[in-house]
Amino acid sequence: MLKLSGEALAGKQGTGISTATITQIAQDVAEAYKAGVQIGLVIGGGNIYRGVAASAEGMDRASADYMGMLATCINALALQDALEKAGVPTRVQTAIEMAEIAEPYIRRRAIRHLEKNRLVIFGAGTGNPFFTTDTAASLRAMEINAEVIMKATKVDGIYDKDPTKHADAVKFQKISYIDVLNRGLQVMDSTAISMCMDNKLPIITFDLTVPGNILKAVQGENIGTLVH
């Protein structure tokens, strides 16, 4: 299960979808796919709309979260287009039904797509407000019996403090779920980490901006940080 942040699609422009960036990401995913790996993909919506930020400014949290879910669907469709141009057969399934543009999320159908060597993008998070796309990635990973969650971000792993603000930040090669929770490290939200801990699902975090990193992570090369 590959988890991409929505911000990753924005590239250097910060918001919206950068065509150059999404093409590069699609090529990286295609490399991993062509190595023979079954891939499920969950994408955030932060490049278009952040429900948490809007609710902090006074908007009803449930409404804001639903808007964020729709943002993930826009990203899912953009990514589907880029992946199919890169030669990867792709299906989008959404937790909120929108029959004209995507399939509804049905677990057994998702598994069948993976068996037929199609990449499946899961849109609209869990379909419920108050849950993040990190939690959606954990949940869908359990449902499709994934072996690992690969969280692709802008940072090359997990540090004891923010490496962009602290020059002395120390990177972890491996860390336990409970340490992530106790230290309050912002890897994924606590619900997602707890779910992975309960089901013994490892998480690898690595830098998405380096071309070829997705394939390296799939092949087990020592990049990023392993949460186990």
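Modeller: Before we start, buried here means under 20% relative accessible area. And keep in mind that this is a predicted model.

Colleague: Fine. What share of the residues of the chain count as buried?
Modeller: The cut-off is that 20% relative accessible area. Applied to the 228 residues of the chain, it gives a buried share of 49%.

Colleague: What radius of gyration does the chain have, set against a compact globule?
Modeller: For 228 residues, a compact globule would come out near 17 Å. The C-alpha atoms fill a box of roughly 50 × 45 × 35 Å along the principal axes. The chain agrees with the globule value, with a radius of gyration of 16 Å.

Colleague: And how much of the contacts, at a separation of 6 or more, comes from residues 24 or more positions apart?
Modeller: The chain has nine helices and eleven strands. Counting contacts with a separation of 6 or more, the part from residues 24 or more positions apart is 68%.

Colleague: How far apart do the centres of the positive and negative side chains lie?
Modeller: There are 23 positive and 24 negative side chains in the chain. Take the centre of each set, and the distance between them is 4 Å.

Colleague: Over to helix 4: how far apart are its end C-alpha atoms?
Modeller: Helix 4 covers residues 61–85, which makes 25 residues. At 1.5 Å a residue it should span 36 Å. The model agrees with that, the end C-alpha atoms being 37 Å apart.

Colleague: Which residue takes a positive phi just after helix 4?
Modeller: Look just past the end of the helix for a phi of about 90°. The residue there is G87.

Colleague: A62 sits in helix 4 too. Which residues is A62 in contact with, leaving aside neighbours within four places in sequence?
Modeller: One clue is F131, 69 residues away along the chain, with its C-alpha 10.0 Å from that of A62. Contact itself needs heavy atoms within 4.5 Å. On that basis, A62 is in contact with P129 and F130.

Colleague: Is F130 buried or exposed?
Modeller: F130 is in the loop between strand 5 and helix 6. Its phi is positive, near 75°, in a residue other than glycine. With a relative accessibility of 51%, and the cut-off being over 50%, F130 counts as exposed.

Colleague: How does N117 count, by its relative accessibility?
Modeller: N117 is in the loop between helix 5 and strand 5, and has a positive phi of about 60° although it is not a glycine. Its relative accessibility is 46%. That makes N117 partly exposed.

Colleague: Now helix 2. What covers its buried residues?
Modeller: Helix 2 runs over residues 19–34 and reaches 22 Å from first C-alpha to last, close to the 22 Å expected. Its buried residues include I22, I25, A26 and V29. In an α-helix, residues three or four places apart point the same way. The cover over the buried residues of helix 2 includes strand 1, helix 1, helix 4, strand 5 and helix 9.

Colleague: Which residue with a positive phi follows helix 2?
Modeller: The phi in question is near 95°. The residue that has it is G36.

Colleague: Last one, in helix 9: which residues does N213 touch, not counting those up to four places away in sequence?
Modeller: N213 belongs to helix 9, residues 213–218. It is buried, because its relative accessible area is 6%. The residues N213 touches are F206, D207 and I223.

Note on methods
Residues are numbered from 1 along each chain as its sequence is written. This is a predicted model: local features need pLDDT of at least 70, side-chain atom pairs count only at pLDDT 80 or more; totals for chains, interfaces and linings use all residues. Side-chain values use heavy atoms; hydrogens and water are left out. Helices (H or I, at least four residues) and strands (E, at least two) are DSSP runs, numbered from the N terminus. The radius of gyration is taken over C-alpha atoms; the globule rule is 2.2 Å times the number of residues to the power 0.38. Buried means under 20% relative accessible area, exposed over 50%, partly exposed in between (1.4 Å probe, protein chains only). Lys and Arg count as positive and Asp and Glu as negative; His and the chain ends are not counted. The place of a charge is taken as NZ of Lys, CZ of Arg, CG of Asp or CD of Glu. The expected span of a helix is 1.5 Å times one less than its number of residues.
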